[in-house]
Amino acid sequence: MGYEILFFIEVLVGGLLSGVMYSLVALGFVLIYKASGVFNFAQGAMVFFAVLSLVGFMELGLPFWAALPVTVVLMVGVGMATERFVLRPLVNQNEDTLLMATIGLAFVLEGLAQLAWGVEVRRLDLGIPDVPIMWLADLTGIFVSTLDITIGVVASVMVAVLALVFSRTKVGLGLRAVADSHAAALSIGIPLKHIWVMVWAAAGIVALTAGMLWGARSGVQFALVGIALKALPVLIIGGFTSVPGVIVAGLIVGAFEKLAEVYIGPYFGGGIEGWAPYMLAVVFLMFRSEGLFGERIIRRV
Amino acid sequence: MLYRQAGTFKTSYAQDQRLLPLRQDRTMMVALLLLAFAVIPFSASAYWLSAILIPWLALSVVAMGQNILMGYAGQLSLGSAGFMAAGAFACYNLMLRVDGLPFVVAVLLSGLIAAAIGIVFGLPSLRVRGLYLAVATLASQFFIVWVIDKFGWFKNYDTSGIITTQDIVMFGHIFASPAETYLVVLTFVVALTWLAMNMAKGSVGRNWQAVRDMDVAAEVMGLSLLRTKLQAFAISSFYCGVGGALFAFTYLKSVEPAAFDINLSFRILFMVIIGGLGTILGSFLGAGFILLFPVFLNILFHAIFGKAVDATITSALEQVIFGVLIILFMIYEPLGMAKLWQNFLDRMRRWPFRR
């Protein structure tokens, strides 16, 4: 293949892979938004808290296969505490109030993580190599590692499972009802408390997964919290309420970001990565204001 | 009893349209202004003036801008620090390239420049609302800071990374001492607050609130959403730009893009939320709270733990307490500190009765 095309494909693949990672983080957002109508600003902090705790437990001596379930239990605990102390007092408040409360929650989690485990950067070794697969590179000239493939597979599986849960199961239907209106869902007997604990715990596990994969790739450090901001364009383009949209949008954002940086960046001296996804999101918004797959919102006076 | 509307008789339209119809409000305002202009510059220490009062006043202007956009017009925005940066760098460049430009003119012009940028980035508000709009404003935040960083012209091709601001010169006098700088900022703040109060009370403010409460109905009634929303963005960006210029010139004494990052945007958001959305007083209360709270916590920790505590631990603890406070505010008083003050005034109205 010509060098130009090969280079383009390489950048594209790199972009798609990083896009998948954004999708993982965005998945947690969509999960909570679709199930409780709350935009969880604390998702990034949850990713950070989860993976930092995992690494912290491992440092305390637990082997990986013991630390993992302990962290899962911890995240379930975080979900229960969030439901009890943040969500329950704010049932049926308007969404801005809930958004602010989740911002407060984000601060609490960030601070707690640093208090408990300290601020040094840590490495996370999942045992999955992050070196390019040689035979694949020789064959096609594209550099993809086992870790990349694992990330792609994990993300696809999670998206598929969650999409099925939301659209086919009774639980999923109940979750969507709750997202529509807390008061109405309560009035027909949907057990809000249990549902919320379940959803936030699930989001915590999604956060842990995302955190593990991000941590394996770039180390466990405070900057992980900023990843959540990167997930926002993904949510806009895919729609806040669509699980499959998350993957599609993640791929789009990742690819666009890398391609823009490589092909348009040099004209401006680089650094476009920081705002290009947001510009893309704004452009998308002008044409399709609920995202590619989001629910069309009908507002009544 | 102490604070009441009874006994206020208006005999002319002018009296009816006053900004502060109650005598107690007017008395409080006069006392406050006397305190601010005549007492504080002579009695406050240099530390209080330059480290606490000046940044508080500058940030209150920005918080007012954010309040106009979020509280009155209901447009969720996370880009205030970007407009602050625009205002600060505009002011720096104006003072650099236009000889003998008075500081006042430079600040007002940079506000206008920020307002123009605000209109451009406010265009998405015509299509989207709520959280989607917030993400669109994030685009403005990142983009503006990137532009200032990338194109060396804004920084006058300075390579040291720290650009000191020029002196504040007006009428041939250099305002350099803390007290003088404080008075300059105070004058700006009083003028802008008066303007904001007038806008909030007048038809401009009512248009904004109509758009905030139910924009579909407002449009049906005949309000031009385009004009109202873009006006809100323009005026809000003006305030943020002026506030940013003041913040850079009187407090930071330097301009650098990194000072106006997304964290500052979030801090301003908190100022407005905790202070009270949709109130002018809330901007001041919120700015004071966010500014003073870390200082207060620091003092508290030093008093309790002494020097033995690591700085990272205190900052992490501060974060946790801050987050808890936000959650508590949202649960118990989502309308913020301005509402707490309002509750107090209501009790004064009924005192000595309880309810």
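Biologist: So helices (H or I, at least four residues) and strands (E, at least two) are DSSP runs, numbered from the N terminus; what phi does A:Gly118 take just after α4(A)?

Modeller: A:Gly118, which comes just after α4(A), takes a positive phi of about 85°. Keep in mind that this is a predicted model, in which local features need pLDDT of at least 70 and side-chain atom pairs count only at pLDDT 80 or more, while totals for chains, interfaces and linings use all residues. Residues are numbered from 1 along each chain as its sequence is written, and chains are lettered from A and ligands numbered from 1 in the order in which they are written.

Biologist: And α4(A) itself, how far apart are its end C-alpha atoms?

Modeller: They are 32 Å apart, which agrees with the 33 Å that the 23 residues of α4(A), residues 95-117, should span at 1.5 Å a residue (the expected span being 1.5 Å times one less than the number of residues).

Biologist: How many of its residues are buried?

Modeller: In α4(A), 17 of the 23 residues are buried, so this helix is largely enclosed by the rest of the structure. Buried means that 20 or more other C-beta atoms, placed from the backbone, lie within 10 Å of the residue's own; with 12 or fewer it is exposed, and in between partly exposed.

Biologist: Stepping back, what is chain A made of?

Modeller: Chain A has twelve helices and zero strands, and its radius of gyration, taken over C-alpha atoms, is 20 Å, close to the 19 Å that the globule rule (2.2 Å times the number of residues to the power 0.38) gives for 301 residues, so chain A is as compact as a globular protein of that length. Of those 301 residues, 48% count as buried.

Biologist: And what about chain B's secondary structure?

Modeller: Chain B comes to 13 helices and four strands. Its C-alpha trace spans about 65 × 55 × 45 Å along the principal axes, and 41% of its 355 residues count as buried.

Biologist: How many residues does each chain give to the contact?

Modeller: The contact, counted where C-beta atoms placed from the backbone lie within 7 Å, takes 37 residues from chain A and 32 residues from chain B. On the chain B side, α6 (131-150), α8 (203-221) and α12 (311-332) each give two or more residues, and the largest share, 13 residues, comes from α12(B).

Biologist: Which classes of residue are on that side?

Modeller: The side of chain B that touches chain A has 27 nonpolar, three polar and two charged residues, where Ala, Val, Leu, Ile, Met, Phe, Trp, Tyr, Cys and Pro count as nonpolar, Asp, Glu, Lys and Arg as charged, and the others, Gly among them, as polar.

Technical notes
Contact = placed C-beta atoms within 7 Å.
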